[in-house]
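Open the model in your viewer and colour it by secondary structure. We will start with the whole chain and then work inwards, one selection at a time.

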Amino acid sequence: MTSRVMLISPAVSAALREARFDDGCPLDPAGLRLARAAAGTLPAARRVRSSPTARCRETAGALGLDALDAPELAALDPGRWRGSTLAEVGAAEPEALARWLADPEAAPHGGESVDALCARVGAWLESIAENPEGTSDPARTIAVVEPEIARAALVHALGAPRPAFWRTDVPPLTAVELSGRAGRWNVRMGRPL
């Protein structure tokens, strides 16, 4: 049975524009307008999920999706860095930031490591492939997720080493599409909505 998973990155918010660790800010007006313009362009899906962040929920709504929150698709927890810009963290804690970017197991911010995030997202992806929520139906899953969730899914699907997480860009309002079975995935990346 082939599973199909479409991961959609959220529209632009102030946090994204400012390279700031998300602090729950909503979409900005331009991002909301672009998401609304893409409404109606997605394929039908039996399961529609969303990262439980403001910008993912708002993007899903603007796209016309009735998405359920998926806690297992929650954004990477940046701990005490939440709300700070990357430049601010780099100025205040350069060694900690360097360690976090170099070591997937590091979580100097007191939140979640990249390694833990990749494991969490990989487990969700395999659970969808093995048993799509208790059905034998290989129906499509669409999930509006933070970029780091899409990155973690790509690392898992491709069997890439965890440091590859930082080498993948996921632009706003693009789709990463995965198809396959547990343990073997094909990837289609970066399709704009």
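Helices and strands here are DSSP runs, numbered from the N terminus, with at least four residues for a helix and at least two for a strand. By that count, this predicted model has seven helices and six strands. Follow the ribbon from the N terminus and you will pass them in the order β-α-α-β-α-β-α-α-α-β-α-β-β.

**The whole chain.** Zoom out for a moment. Along the principal axes, the C-alpha atoms fill a box of roughly 50 × 40 × 25 Å. The radius of gyration is 16 Å, which agrees with the value near 16 Å that a compact globule of 193 residues would have. Of those 193 residues, 47% count as buried. Turn on the surface next: the chain exposes about 8,800 Å², with 52% of that supplied by carbon and sulfur atoms.

**Strand β4.** Select residues 140–144, which form β4. Is this strand mostly covered or mostly open? It is mostly covered, with four of its five residues buried. Now add its partners. β1 pairs with β4 in the parallel sense over five bridges, and I8 stands opposite V144 there. β2, residues 47–50, also pairs with β4 in the parallel sense, over four bridges; look for R47, whose bridge partner in β4 is T141.

**The largest nonpolar core.** In soluble globular proteins, nonpolar side chains tend to be buried together. Here the largest such core has 33 residues, and V5, L7 and L178 have the most contacts inside it. Two or more residues come from each of β1 (3–8), α5 (94–102), α6 (114–130), α7 (147–158) and β5 (174–181). The largest share, eight residues, belongs to α6.

Show L7 with its side chain. Leaving aside residues up to four places away in sequence, L7 touches W124, A143, V145, A150, A153, T174, A175, V176 and L178. Apart from the largest core lies another, of 12 residues, including M6, I8, V144 and A175.

**Helix α5.** Finish by looking down the axis of α5. Which of its residues are buried? They are A96, L97 and W100. These three cover an arc of only 100 degrees around the axis, so they sit on the same side of α5. Rotate to the other side of α5 and you will find E95 and A102 exposed.

Notes
Residues are numbered from 1 along each chain as its sequence is written. This is a predicted model: local features need pLDDT of at least 70, side-chain atom pairs count only at pLDDT 80 or more; totals for chains, interfaces and linings use all residues. Side-chain values use heavy atoms; hydrogens and water are left out. A nonpolar core is a set of buried Ala, Val, Leu, Ile, Met, Phe, Trp, Tyr and Cys residues joined through side-chain atoms within 4.5 Å. Buried means under 20% relative accessible area, exposed over 50%, partly exposed in between (1.4 Å probe, protein chains only). Contact means heavy atoms within 4.5 Å. The arc is that of the directions from the helix axis to the C-beta atoms. The radius of gyration is taken over C-alpha atoms; the globule rule is 2.2 Å times the number of residues to the power 0.38. Accessible areas come from the Shrake-Rupley method with a 1.4 Å probe; for residues, only the protein chains shown count as cover. Two strands pair if DSSP finds at least two bridges between them.
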